[in-house]
Amino acid sequence: MEFMEIFKKWAPEYDATVNGENEEYRDVFINYSEMLNELASTAEGRVLEIGAGTGNLTLMLKDKGREVSAIDPSDDMRAIANETKNLDVQYGHFFDIPFDQPFDYIVTSFAFHHVKPEEKYDAIKTMMKSLKEDGK
């Protein structure tokens with residue numbers, strides 16, 4: 001989790017950046033809303049969102065009537081989601097999912113490349129433990 005420091009700086013600017021207001025990252029996030037809409041439209045049943053950040057996907061999932069539990073490892077990103085968007089984003093990440101009941105669907109817009117190559121298998125195993133037998 002050594003990369004988490006970047007989110008302290010980025011959190012206050014995150015929403016503006018993903019909405020195309022930051023010239024440096026405009027091309028990176030050109031399809032951001034379409035990607036989130038696709039994730040929100042695909043998810044079904046009880047949904048776990050990993051890496052909720054400031055809550056953009058969480059809001060879309062809720063707008064589509066999904067029952068969503070959201071987690072994020074960044075204190076700063078969670079604070080924005082919880083305080084400014086009235087969401088309940090809890091602490092958690094690919095290796096620490098703080099819920100006992102299994103989910104029908106797991107979604108994440110949080111870049112899986114943040115997980116070290118040797119940790120990816122363990123992250124997938126952790127997520128599988130949080131899915132129902134027929135979960136996606």
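In which segment is the place of Ser 130? Ser 130 has its place in the segment after α6 (120–129), where helices (H or I, at least four residues) and strands (E, at least two) are DSSP runs numbered from the N terminus. The model is a predicted one, in which local features need pLDDT of at least 70 and side-chain atom pairs count only at pLDDT 80 or more, while totals for chains, interfaces and linings use all residues. Residues are numbered from 1 along each chain as its sequence is written, and side-chain values use heavy atoms, with hydrogens and water left out.

With a relative accessible area of 9%, Ser 130 is buried; the term buried stands for under 20% relative accessible area, exposed for over 50%, and partly exposed for what lies in between, with a 1.4 Å probe and protein chains only. When neighbours within four places in sequence are left aside, Ser 130 is in contact (heavy atoms within 4.5 Å) with Ile 97, Pro 102, Phe 103 and Ile 106. Of these partners, Phe 103 also takes part in an arrangement with Arg 46, whose charged end sits over the ring of Phe 103 at 4.0 Å from its centre; a charge is counted in this way if NZ of Lys or CZ of Arg is within 6 Å of the ring centre and within 35 degrees of the ring normal.

Arg 46 leads on to the sheet, since it belongs to β1. Four strands form this open sheet, in the order β3-β2-β1-β4 and with parallel pairing, two strands being paired if DSSP finds at least two bridges between them. The edge strands, each of which pairs on one side only, are β3 (89–91) and β4 (105–108). Neighbouring strands of the sheet are turned by 30° against each other on average, with direction ignored; the axes are lines fitted to C-alpha atoms, for helices over the stretch in contact, and angles run from 0 to 180 degrees between N-to-C directions.

Within the sheet, strand β1 (residues 46–50) and strand β2 (residues 67–72) run parallel and are joined by five bridges. Val 47 has Val 68 as its bridge partner in β2, and Leu 48 stands opposite Ser 69 of that strand. Five of the five residues of β1 are buried, so this strand is largely enclosed by the rest of the structure. Both of its faces are covered, with Arg 46, Leu 48 and Ile 50 buried on one side and Val 47 and Glu 49 buried on the other.

Val 47 also appears in the largest nonpolar core, which has 19 residues and in which Tyr 14, Tyr 32, Ala 43, Val 47, Leu 57, Leu 61 and Val 107 have the most contacts. Such a core is a set of buried Ala, Val, Leu, Ile, Met, Phe, Trp, Tyr and Cys residues joined through side-chain atoms within 4.5 Å. At least two residues of this core come from each of α1 (5–10), α2 (14–18), α3 (32–42), α4 (56–63), α5 (75–84) and β4, and α3 gives the most, with three residues. A second, separate core of 12 residues includes Phe 94, Ile 97, Val 115 and Ala 123.

The aromatic residues form a further theme. The structure holds six aromatic pairs, where rings of Phe, Tyr and Trp (its six-membered ring) pair if their centres lie within 6.5 Å, and planes under 30 degrees apart count as stacked, over 60 as edge-to-face and the rest as tilted. Tyr 14 and Tyr 32 form an edge-to-face pair, 6.4 Å centre to centre and with 80° between the planes. Tyr 14 lies in helix α2 and Tyr 32 in helix α3, so this pair ties together parts that are 18 residues apart in sequence. The rings of Phe 29 and Tyr 32 have centres 5.8 Å apart and planes at 80°, so they too make an edge-to-face pair. Phe 29 counts as buried at 17% relative accessibility, and Tyr 32 counts as buried at 9%.

Trp 10, Tyr 14, Tyr 25, Phe 29 and Tyr 32 together form one aromatic cluster. Thr 17, which lies in helix α2 and counts as buried at 1% relative accessibility, touches Trp 10, Asn 22, Tyr 25 and Phe 29, residues up to four places away in sequence not being counted.

Leu 59, found in helix α4, is partly exposed, with a relative accessible area of 30%. Beyond its neighbours within four places in sequence, Leu 59 is in contact with Lys 85 and Leu 87.
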